[in-house]
Amino acid sequence: MKPLAAPRLPARVRQKIIATSIASSMLALAVLPAPTAFAQARNNAARFRGEAVTLNFVNADIEGVARAMSVILKQQFVVDPRVRGNITLYSEQPLAPRDAYLSFLAALRGLGFAVAEVGGLLKIVPEADAKLQTGTVSVGEVSRRGDQVMTQIFKLSYENANNLVPVLRPLISPNNTINANPGNNSLVITDYADNLQRLGRIISALDVSNATDVEILPLRNALASDVAPLVARLVEPGSTPAAAAGQGQSDT
């Protein structure tokens, strides 16, 4: 007995099914993250996974402690040849890998060194060189913590970027930088992540609208310069009526 043949669908139905399948495939590809971004996010998530550790480094060589942190964080450290000396790093209680890393950053900063992330590598360099080697750039809200040097771009909506440079400069580490970009009215600041979070809060508080409402009243039968003194007596204190020449005349 021969098997029954599947009924042949009309051409219009077959075309609709094929189009739907292609659209579904393209949508699935569109929502996948780019390979580089996906790999970076996966590496950042894996960096701080692992069991809690107890730190007990007393006057230990910086390079040796960096190798130990590489094992804890599953992340490679590169130590600049100019980074020399001993470091003390200990904890009374076991720390999560992330907290251990933050303690390591704080201890390095106390010795005049900093960590700059470049191409997935964590480089330990003299603090003065960290601003030139960091590859971490963020826009908007500061998402990082700790004493890692990074660059943050703050876009302003109301305040002039040049006006904030002298206000914020004293709050930034002497070895790090702040620059204003007049083209898009933004601030480019390179500093430690924790301080960038503080600067972000200050900038948000200063970048507010303080403009007053302006209303233009066209005149038809009177001169604006004659009416302005009369209006000045009626407006609220602090408001300033201004007369503009060539506005014609008013009915009043």
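In the predicted model, Arg 82 is partly exposed, with a relative accessibility of 47%. This residue takes part in two of the salt bridges described here, one with Asp 80 and one with Asp 129. In the pair with Asp 80, the closest N and O atoms are 2.9 Å apart; in the pair with Asp 129, the corresponding separation is 2.6 Å. The pair formed by Arg 82 and Asp 129 links distant parts of the chain, 47 residues apart. Arg 82 lies in the loop between β2 (77-79) and β3 (86-90), whereas Asp 129 belongs to helix α5 (residues 127-133). Asp 80, Arg 82 and Asp 129 are thus connected in a network of salt bridges. Both acidic partners fall under the 20% limit for burial: Asp 80 is buried at 15% relative accessibility, and Asp 129 is buried at 17%. In general terms, side chains of opposite charge can pair when their charged atoms come close.

The model contains four salt bridges by the rule applied. Another of these joins Glu 63 to Arg 67, with the closest N and O atoms 3.9 Å apart. Glu 63 and Arg 67 are four residues apart in helix α3 (residues 62-73), and therefore about one helical turn separates them. An α-helix has 3.6 residues a turn, so residues three or four places apart point the same way. Glu 63 is partly exposed, at 43% relative accessibility, while Arg 67 is exposed, with a relative accessible area of 53%.

Helix α3 was then examined along its length and around its axis. With 12 residues at 1.5 Å a residue, α3 should span 16 Å, and the distance of 16 Å between its end C-alpha atoms agrees with this expectation. The buried residues of α3 are Ile 62, Val 65, Ala 66, Met 69, Ser 70, Ile 72 and Leu 73. These residues lie on the same side of the helix, because they cover an arc of only 165° around the axis. The face turned away from this buried side carries the exposed residues Arg 67 and Val 71. Arg 67, the salt-bridge partner of Glu 63, is accordingly placed on the face of α3 directed away from the buried side.

The two ends of the helix were also considered. At the N-terminal end, Asp 61 acts as a cap of α3, with a side-chain oxygen 3.1 Å from the backbone nitrogen of Glu 63. Glu 63 therefore appears both in this capping contact and in the salt bridge with Arg 67. Beyond the helix, α3 is followed by Lys 74, which has a positive phi near 55°.

Notes:
Residues are numbered from 1 along each chain as its sequence is written. This is a predicted model: local features need pLDDT of at least 70, side-chain atom pairs count only at pLDDT 80 or more; totals for chains, interfaces and linings use all residues. Side-chain values use heavy atoms; hydrogens and water are left out. A salt bridge is a side-chain nitrogen of Lys or Arg within 4 Å of a carboxyl oxygen of Asp or Glu. Buried means under 20% relative accessible area, exposed over 50%, partly exposed in between (1.4 Å probe, protein chains only). The expected span of a helix is 1.5 Å times one less than its number of residues. The arc is that of the directions from the helix axis to the C-beta atoms. A polar contact is a pair of N or O atoms within 3.5 Å; within protein, one must be able to donate a hydrogen and the other to accept it, and residues adjacent in sequence count only if both atoms are side-chain atoms.
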